[in-house]
Amino acid sequence: MSYCPECEAVIEEDIEEVGEIITCPECGVELEVISLDPLEFDLAPVDDEDEDDFNFDDDDDEDDDDWDDDEPYDEDEDEKEEDF
């Protein structure tokens, strides 16, 4: 028997090898078996696939914004828009 390092729930599963990935039945976080004797878990490493879900690389979307990086910022221009 061991505990989830995230929520401290008791985990009673048959673990066969170090490196095995299981899911905590309480909080749902993925855990990696780091030791069999004593049985210990750590948070599982994040897959590269999961990282692509939040791709903030703007190189592909350069034409999608109205911002012109070559022009200096003009505060007076903002004030003109507010006066309409």
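**Note on the predicted model: strands, loops and surface patches**

Asp-14 sits in the loop between β2 (10-11) and β3. The model is a predicted one. The points below start from that loop and then take up the rest of the chain.

1. **The loop between β2 and β3.** Asp-14 is exposed, because its relative accessibility of 76% is over the 50% cut-off. Glu-13 is found in the loop between β2 and β3 as well. Glu-13 counts as partly exposed, at 37% relative accessibility. Glu-13, Asp-14, Glu-16 and Glu-17 form a negative patch on the surface.

2. **Contacts in space around Glu-13.** Which residue lies 10.0 Å from Glu-13, C-alpha to C-alpha? That residue is Cys-24, and eleven residues of sequence separate the pair. A second pair is Glu-12 and Pro-25, 13 residues apart along the chain. Their C-alpha atoms are separated by 9.6 Å.

3. **Overall layout.** The chain holds two helices and five strands. Reading from the N terminus, the order is β-β-β-β-β-α-α. The chain has 84 residues, and 15% of them are buried.

4. **β3 with β4.** Strand β3 covers residues 21-23 and strand β4 covers residues 30-36. The two run antiparallel and are joined by three bridges. Ile-22 stands opposite Leu-31 of β4.

5. **The hairpin of β3 and β4.** How many residues lie between the strands of this hairpin? There are six. Among them, Gly-28 has a positive phi near 85°. Pro-25 also lies in the loop between β3 and β4. Pro-25 counts as exposed because its relative accessibility is 62%, over the 50% limit.

6. **β4 with β5.** Strand β5 covers residues 39-43 and pairs with β4 in the antiparallel sense. Five bridges hold the record of that pairing. Leu-36 stands opposite Leu-39 in β5. Val-33 has Phe-41 of β5 as its bridge partner.

7. **The hairpin of β4 and β5.** Two residues make the link from β4 to β5 in this hairpin. Pro-38 is found in the loop between these strands. Is the peptide bond from Asp-37 to Pro-38 cis or trans? The bond is cis, with omega near 5°. For context, most peptide bonds are trans. I would look at this bond when reading the loop.

8. **Phe-41.** This residue lies in strand β5. Is Phe-41 buried or exposed? Phe-41 is buried, because its relative accessible area of 7% falls under the 20% cut-off. Its bridge partner is Val-33. Phe-41 and Pro-5 are 36 residues apart along the chain. Their C-alpha atoms are nevertheless separated by 6.8 Å.

9. **Glu-8.** The loop between β1 (2-3) and β2 holds Glu-8. What is the phi of Glu-8? The value is near 65°, so positive in a residue other than glycine. In general, most residues other than glycine have a negative phi. Glu-8 counts as exposed, with a relative accessibility of 62%.

10. **The nonpolar patch.** Which residues form a nonpolar patch on the surface? They are Met-1, Tyr-3 and Val-10. Together they have about 340 Å² of accessible area. Tyr-3 is found in strand β1. Why does Tyr-3 count as partly exposed? Its relative accessibility is 47%, which lies between the 20% and 50% limits.

11. **Backbone points in brief.** Three backbone features stand out for a reader of torsions. Gly-28 has a positive phi in the hairpin of β3 and β4. Glu-8 has a positive phi in a residue other than glycine. The bond from Asp-37 to Pro-38 is cis.

Key:
Residues numbered from 1 in each chain as written. Predicted model: local features only at pLDDT ≥ 70, side-chain atom pairs only at ≥ 80, totals over all residues. Heavy atoms only, no water. Pairing = 2+ DSSP bridges. Helix = DSSP H or I, 4+ residues; strand = E, 2+ residues; numbered from the N terminus. Patch = residues over 30% accessible without salt bridge, like charges linked within 9 Å, V, L, I, M, F, W, Y side chains within 5 Å. Areas by Shrake-Rupley, 256 points an atom, 1.4 Å probe, with all protein chains shown as cover. Salt bridge = Lys/Arg side-chain N within 4 Å of Asp/Glu carboxyl O. Lys, Arg positive; Asp, Glu negative; His and termini not counted. Charge placed at Lys NZ, Arg CZ, Asp CG, Glu CD. Buried < 20%, exposed > 50% of the residue type's maximum accessible area, 1.4 Å probe, protein only.
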